[in-house]
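Please look through the model shown here. The text after it starts at one helix and then turns to the cavities.

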Amino acid sequence: MVAVGRRDAIAEPWGSRTPYGPGMPWPVRVDTHLADGVSAEQVDRWVPSASILHSNGDAMDIAVKDGRIVGVRGRAHDRVNHGRLGPKDLFGWQANASADRLTRPLVRENGRLVETDWDTAMDRVVARTRELLEEQGPSAIGFYTTGQLFAEEYYTLGVIAHGGLGTNHVDGNTRLCTATAAAALKESFGCDGQPGSYADIDHADVIALFGHNMAETQSVLWARVLDRLAGPNPPALVCVDPRMTPVARAATVHLAPRPGTNVALMNGLLHEIIAHGWIDRDYIDAHVVGFDELSKRVEDYPPEHVAEICDVPADRIREAARVLGTAQRLMSTVLQGFYQSHQATAAAVQVNNLHLVRGMLGRPGCGLLQMNGQPSAENTRECGADGDLAGFRNWSNDAHVADLARVWNIDPMRIPHYSPPTHVMQMMRYAEDGSLRMLWVSATNPAVSLPELSRIRSVLAQERLFLVVQDLFLTETAQLADVVLPAATWGEKTGTFTNADRTVHLSEKAVDPPGQARADLDIFIDYARRLDLRDKDGRPLVKWHDAESAFEAWKECSRGRPCDHTGLTYAKLRDRGGIQWPCTEEHPDGTERLYADGAFFSDPEYCESYGRDLLTGAPLEPAEYKELNPDGKAMLKAAAFLPPHEQPGEDFPYVLITGRTLYHFHTRTKTARAPQLQAAAPEVWVEISARDANAEGLNEGDLMEISTPRGSVRARLRISGIREGVLFLPFHYGYWDTDAGHEPARAGRAANELTLTDWDPASKQPIFKTAAAALHRVATTDGPSPAPTTTASTPVAAHVPVTTGGERARAEEDLRPSGEGGGR
């Protein structure tokens, strides 16, 4: 075992190499970071947890001294990270102790937020809930949550919303990062749940990353890939990304398609693989339906035709297909480059198709991971906090609804299942037209993270919308709220969460939260108690009182479902560390890979979803699904390429894509409060190709204005290996400035000022990667440097919107702002 103390995790984010070969275990290396002046010997205790600033699930121990968090170290023998920690793991914990944490509830009085006590704040929330239930019914109330809470909290929220209030308006900001992952898995396998395992990296001879900049989104997982590349018999890498990312630089074959053309590219790869016979016919015949339709569809996508659509050389498409088609052990990952782009679900499904036609599932090295963007995104889906029903139950299967009603001991008609769940963009439309009149936002910041921000701000600022915000800091969304509830965060409460390869970790409370801040679970339980929500026997609907009793309730809800947790306990997780679900009496050690026996969760009576039309999003009827897949096999689903809705033109000649950087999480609520992370990426920038920069006469560092039909922002120019005709903006930067002591910046830098209101028809995930954009220089590198500004259809004064007409201005001059574009 290698122990690593204070490595420079900013300059060396993936650490030193520990090379290893195929079939060997990944060597252990323990990374540690402690506050200045604190040694390991001075730590009072180490408290087990896992990462909360990305979806990898890195296991770590929290160092506590004198009642404060003073550092972290990797857990050596956890299956996920073998002791390694990334930059956000090592430094992000410092945000917990920020001086501007919310410590008392706030309520709006005469247009201003003022401090109050919990009884006053919760009484207002409960009174408004009761008024709206009586006036309009459950459709007046919506909940928008995060990918940052624990399973116990999501489950409790789902019980309250679906079983207590009966609203269908429940979603998470996972809609922005992982909704397409869930949708694609349902389309191909009948159910959510990642088929593969991180350990497939140890065995694969080809690793393909589709729209997944693993080096920056899951840095420890990328370190594992780098160690394989440094060892004997390294795997070949295939990368699909319009940017020259660290992944692209390491790739054997790099495909940089025109944004919005992923379906055409995938169809071209499948065309070549099928045409050359690089398929497992026995596997297809035994376990798969839909091959003939897929084969017929991709006949129309030979490499030359795809090259014209995607602007990728035909020979490179052939080479990528050869590498993928001749792999003995193929592992694939998919993330936002597909999920947030045009025809998102259709493109992600084609990656599933690649594994199905090649029979590359259920064996070491033959893994498929439709990745998550947030640490507990999987939990929102399995626990029913993203609109779906808890336990991967099928909202359009009456037997599943009845079974959930049995678990909750309520009448099935109390559970809304008359239509598909309401996704967040539709909820915003309902709020805009006045039918959704109360919105409870927990641990996320839609005033920064949703597309077309001028419109979102105007919706959230409406007088008629009662807005409740539950968070750590006074975010841009919290500044618009009627009630603000101070919440505890990671390290200040106990609960479980599941990473992107189904590994469940227990995160223990290490320190008390500041002031009167409460765990999200306690807030939800208190809300249910004050509403006096009851089951059909008159007992409290929410029968648990703390995290462990909530986990036991969730386990019972998961019993017999694909995400079965019944073999897990807090004691077992404390003893063993991370364990992958399903974990049952029959599989007490968990399940590393799904579908190893070729049996899928797609039986018509068991499946989570009957699927949707990939082009229109229309749900399939139960009879249609049963006719399509009577034997519960995996499903190949074909899709034709359609051009993106917004195309570049004379006025807006570029395509704008947004994305992440290694050192920040969402819009920096935590990471900008960690000095090392903020110093590593303090300002927004815009990337352009060298050829485009030369054609425009631009230089590195020039101050640029980027505009779309919806607004404009300013950022410094970076000249990079991005493909021609494409601009890139990181989405992390909002309306506050840490260099000014957390005071508001004079104007915003939020990329979502520019993005359009459009979403994938199947997954309902907003599209952030196909906006038509223009670019012009405001100042040269050596010229004047005016502060970044934002222009949009709704004016911005300082850090909050100024509203007009019947709306009220909710600017708060005496309260410090913050921003997190997708959660804590």
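**Helix H2 and the cavities**

Gly 137, just after helix H2, takes a positive phi of about 100 degrees. This is a predicted model, in which local features need pLDDT of at least 70 and side-chain atom pairs count only at pLDDT 80 or more, while totals for chains, interfaces and linings use all residues. Residues are numbered from 1 along each chain as its sequence is written, and side-chain values use heavy atoms, with hydrogens and water left out.

H2 covers residues 118–135; helices here are DSSP runs (H or I, at least four residues) numbered from the N terminus, as are strands (E, at least two). Its 18 residues reach 26 Å from the first C-alpha to the last, close to the 26 Å expected at 1.5 Å a residue (1.5 Å times one less than the number of residues). At the N-terminal end, Asp 117 caps H2, with a side-chain oxygen 3.1 Å from the backbone nitrogen of Asp 119.

The buried residues of H2 (under 20% relative accessible area, 1.4 Å probe, protein chains only) include Trp 118, Met 122, Arg 128 and Leu 132. Seen down the axis of H2, its buried residues fall within an arc of 160 degrees, so they line one face of the helix; the arc is that of the directions from the helix axis to the C-beta atoms. On the other side of H2, Glu 134 and Glu 135 are exposed (over 50%).

The structure also holds 9 cavities of 30 Å³ or more. A cavity is a set of points on a 1 Å grid over the protein atoms alone where a 1.4 Å probe fits but cannot get out, and its volume is the space filled by probe spheres set on the points. The largest cavity has about 340 Å³ of space.

Terms used
1 Å grid on protein atoms, 1.4 Å probe; cavity = no way out; pocket = protein on both sides within 12 Å on 5 of 7 lines; lining within 4 Å. Polar contact = N/O pair within 3.5 Å; in protein donor to acceptor, adjacent residues only side chain to side chain.
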